[in-house]
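Fancy a bit of practice reading a protein model? Have a look at the structure below, then try the exercises.

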Amino acid sequence: DTYLADPKATDQLEDTLLALGRADDPSVVPKLLPLLSHASANIRVAAAEAISRLGEPALCESLMPLLASKSLQEKLIVAAALDRWKPDACYKSIVGRLEVEPDVPVRAYLYAAMSTMGGESALPALRVFLKTPNQFYQAVVVDSIGLIGSKKGLNMLRALLQDANLNTVAH
């Protein structure tokens, strides 16, 4: 509250938010939620980071609008927080965001989160994303399928190879 009242204290507020995220006190989360719409991108991402460390998984939906930012840095930090948090409550929202997300590094974090949360059940959605003509998108999807580590995923990748030899290793 102290730094929030002073518009010139954004650095102190950002530092405070980073510390709060590591303080293991979920009671502060309700005060963090309004900061997701702060004028400063640094404050928004620091609040998102703290919420991802302290909040209940259902609060992940409050972070999703930040992925529509024009700032790549803001989107990357939020996507990385979602990947670390892996909130099952946002699985469908993450898949939906991947349908429109143009930035490969952001997609990589979201694919990784999706793969870890969904496991083999994420393979049908990843198969759809694998059909993109963009080779960079394909590379991060292949990596995410590898994170799942299942024979079903490996067979899916083998089927895409021109030489589907069982000795071929994809990755």
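Here are two short exercises on this predicted model, each with a worked solution.

**Exercise 1.** Work out how helix α6 and helix α7 pack, and which residues meet.

*Solution.*

Step 1: Get your bearings. Two packed helices are described by the angle between their axes and the distance between the axes.

Step 2: Find the pair. Helix α6 covers residues 104–118, and helix α7 covers residues 123–130. Their axes lie 10 Å apart, at an angle of about 155 degrees. Angles over 145 degrees count as roughly antiparallel, so α6 is roughly antiparallel to α7.

Step 3: Check the handedness. The crossing of α6 past α7 is left-handed.

Step 4: List who touches whom. From α6 come Arg 107, Tyr 111, Met 114 and Ser 115, and they meet Ala 125, Leu 126 and Phe 129 of α7. Sorted by type, the contact has 5 nonpolar residues, 1 polar and 1 charged.

**Exercise 2.** Track down the disulfide and say where its two cysteines sit.

*Solution.*

Step 1: Recall the term. A disulfide is a covalent bond between the sulfur atoms of two cysteines.

Step 2: Count and name. The count is 1 disulfide. Cys 60 and Cys 90 form it, with their sulfur atoms 1.9 Å apart, and the cut-off is within 2.5 Å.

Step 3: Look at the twist. The link between Cys 60 and Cys 90 is right-handed, with 105 degrees about the S-S bond.

Step 4: Place both ends. Cys 60 sits in the loop between α3 (41–54) and α4 (72–85), while Cys 90 sits in the loop between α4 and α5 (91–98). The two are 30 residues apart, so the pair links distant parts of the chain.

Step 5: Buried or exposed? Cys 60 has a relative accessible area of 0%, so Cys 60 is buried. Cys 90 is buried too, with a relative accessible area of 0%.

Terms used
Residues numbered from 1 in each chain as written. Predicted model: local features only at pLDDT ≥ 70, side-chain atom pairs only at ≥ 80, totals over all residues. Heavy atoms only, no water. Axes fitted to C-alpha atoms, helices over the stretch in contact; angles between N-to-C directions. Helix = DSSP H or I, 4+ residues; strand = E, 2+ residues; numbered from the N terminus. Parallel < 35°, antiparallel > 145°, perpendicular 65-115°, else oblique. Left-handed = near helix turned anticlockwise from the far one by under 90°. Contact = heavy atoms within 4.5 Å. Nonpolar A, V, L, I, M, F, W, Y, C, P; charged D, E, K, R; others polar. Buried < 20%, exposed > 50% of the residue type's maximum accessible area, 1.4 Å probe, protein only.
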